[in-house]
Amino acid sequence: MPVAVSPLAPTAKLSALGFALLPQLYTAAEVAALLRCIEAAPAAGPNFRRSQDVFAIRNLLGEVPALWPLLATPTLRGLLGELFPAGCHLTKAIYFDKPAGSNWLVAWHQDLMINVDRRAADLPGFGPWTAKAGWVAVQPPAAVLENIVTVRLHLDDCDATNGALKVVPGSHLGGMVPPETIAARTTTATVCAVPAGGAMLMKPLLLHASNRSTSDRPRRVIHLEFSDAELPEGLAWREKREM
Ligand SMILES: O=C(O)CCC(=O)C(=O)O
């Protein structure tokens, strides 16, 4: 009798590959409510970036607080409970729309920076530091990045034509990679198509990129980062929100 091979659970896939695709994390009604809430936001100020090729909202929950009760569903909380059994906090939230026909492409990279509340220049292992429009960001030690899980919630069906992320499976296991070696590491890249209401889980050190859109469909994403790590004394996550 053939032995049934059970597919890897999302948490196991995330550890092994650096990403996992969840076809349905939110219902169609929940997605519609999230979109209505974003569309009703005033969309003005330094955290809003709008051009023909991208519409982004940084500090999403600070700018659109009404989103949080819609996002923090029992399903999301259940997922986070599996990922972080001892509890976790949100550390970053961004909204991205890559509109139909967008020319915005994102080159291969790892997500190396975290947003923090102040500059603490002599903190061992932390740096370089940047400050833009009142926001301080820093590259932390790899252990801090390894603890983060990003949940990219897709609000539209997304495939290779409208900017689905391309990733290099397993590339999160090699630590921070020198930029000049990235191109040679992308030969095994795969495209992460996700339906509306689905999510992509990913580790920040996973090599990822996205293409321009050749589609007539938008690609709206809510990007949430979670961690159960505290930063060293004197430094705090800028957007920290307990779960
Ligand atoms: O959404 C995209 O296409 C790229 C975003 C990205 O690379 C990032 O958030 O680091």
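## A walk through the predicted model

Pro128 sits in the loop between strand 6 (114-116) and strand 7 (129-132). What kind of peptide bond leads from Gly127 to Pro128? It is cis, with omega near 5°. Keep in mind as you look around that this is a predicted model.

Two other loop residues deserve a look for their backbone angles. Asn59 has a positive phi although it is not a glycine, and Ala133 likewise has a positive phi in a residue other than glycine. Here they are side by side:

| Residue | Phi | Loop | C-beta neighbours within 10 Å | Exposure |
|---|---|---|---|---|
| Asn59 | about 50° | between strand 3 (55-57) and helix 3 (60-63) | 18 | partly exposed |
| Ala133 | near 50° | between strand 7 and strand 8 (135-138) | 8 | exposed |

Now for helix 2. This helix covers residues 28-39, twelve residues in total, and reaches 16 Å from its first C-alpha to its last, close to the 16 Å expected at 1.5 Å a residue. Its buried residues are Val31, Leu34 and Ile38. Looking down the axis of helix 2, you'd find these buried residues within an arc of 60°, so they line one face of the helix. What do they pack against? The partners of the buried residues of helix 2 are helix 4 (67-71), strand 4 (89-98) and strand 14 (219-227). Turn to the face pointing away from the buried side and you meet the exposed residues Ala29, Arg36 and Glu39.

Over in helix 5 (residues 74-83) you'll find Leu80. Leu80 has 21 C-beta neighbours inside 10 Å, and therefore counts as buried. Setting aside residues up to four places away in sequence, Leu80 touches Cys88, Phe226 and Met243.

Strand 9 (residues 149-154) is a good place to go next. Six of its six residues are buried, so strand 9 is largely enclosed by the rest of the structure. In a regular strand, side chains alternate between the two faces of the sheet. In strand 9, Val149, Val151 and Leu153 point one way, Thr150, Arg152 and His154 point the other way, and all are buried. Strand 9 has antiparallel pairing with strand 14 over six bridges, and with strand 12 (residues 199-202) over four bridges. Leu153 shows up in both pairings: it stands opposite Ile222 in strand 14 and opposite Ala199 in strand 12.

There's also an open sheet of four strands, in the order 5-13-10-11, with antiparallel pairing. Strand 5 (106-109) and strand 11 (190-191) are at the edges, each with a single partner strand, so one side of each has no neighbour in the sheet. Strand 5 runs antiparallel to strand 13 (residues 208-210), and two bridges join them. Across that pairing, Val106 has Ser210 of strand 13 as its bridge partner.

Val106 and Ser210 turn up again beside the ligand. Which residues are around the ligand? Alongside that pair there are Phe96, Lys98, Asp111, Gly163, His208, Val221 and His223. Strand 4, strand 13 and strand 14 are the elements that give two or more residues to this shell. Sorted by class, the shell has three nonpolar, four polar and two charged residues. Strand 14 is worth remembering: besides its place in the ligand shell, strand 14 pairs with strand 9 and packs against the buried residues of helix 2.

Notes
Residues are numbered from 1 along each chain as its sequence is written. This is a predicted model: local features need pLDDT of at least 70, side-chain atom pairs count only at pLDDT 80 or more; totals for chains, interfaces and linings use all residues. The expected span of a helix is 1.5 Å times one less than its number of residues. A residue is buried if 20 or more other C-beta atoms lie within 10 Å of its own, exposed if 12 or fewer, and partly exposed in between; C-beta atoms are placed from the backbone. The arc is that of the directions from the helix axis to the C-beta atoms. Two residues are in contact if their C-beta atoms, placed from the backbone, lie within 7 Å. Two strands pair if DSSP finds at least two bridges between them. A residue is near a molecule or strand if its C-beta atom, placed from the backbone, lies within 6 Å of it. Ala, Val, Leu, Ile, Met, Phe, Trp, Tyr, Cys and Pro count as nonpolar, Asp, Glu, Lys and Arg as charged, and the others, Gly among them, as polar.
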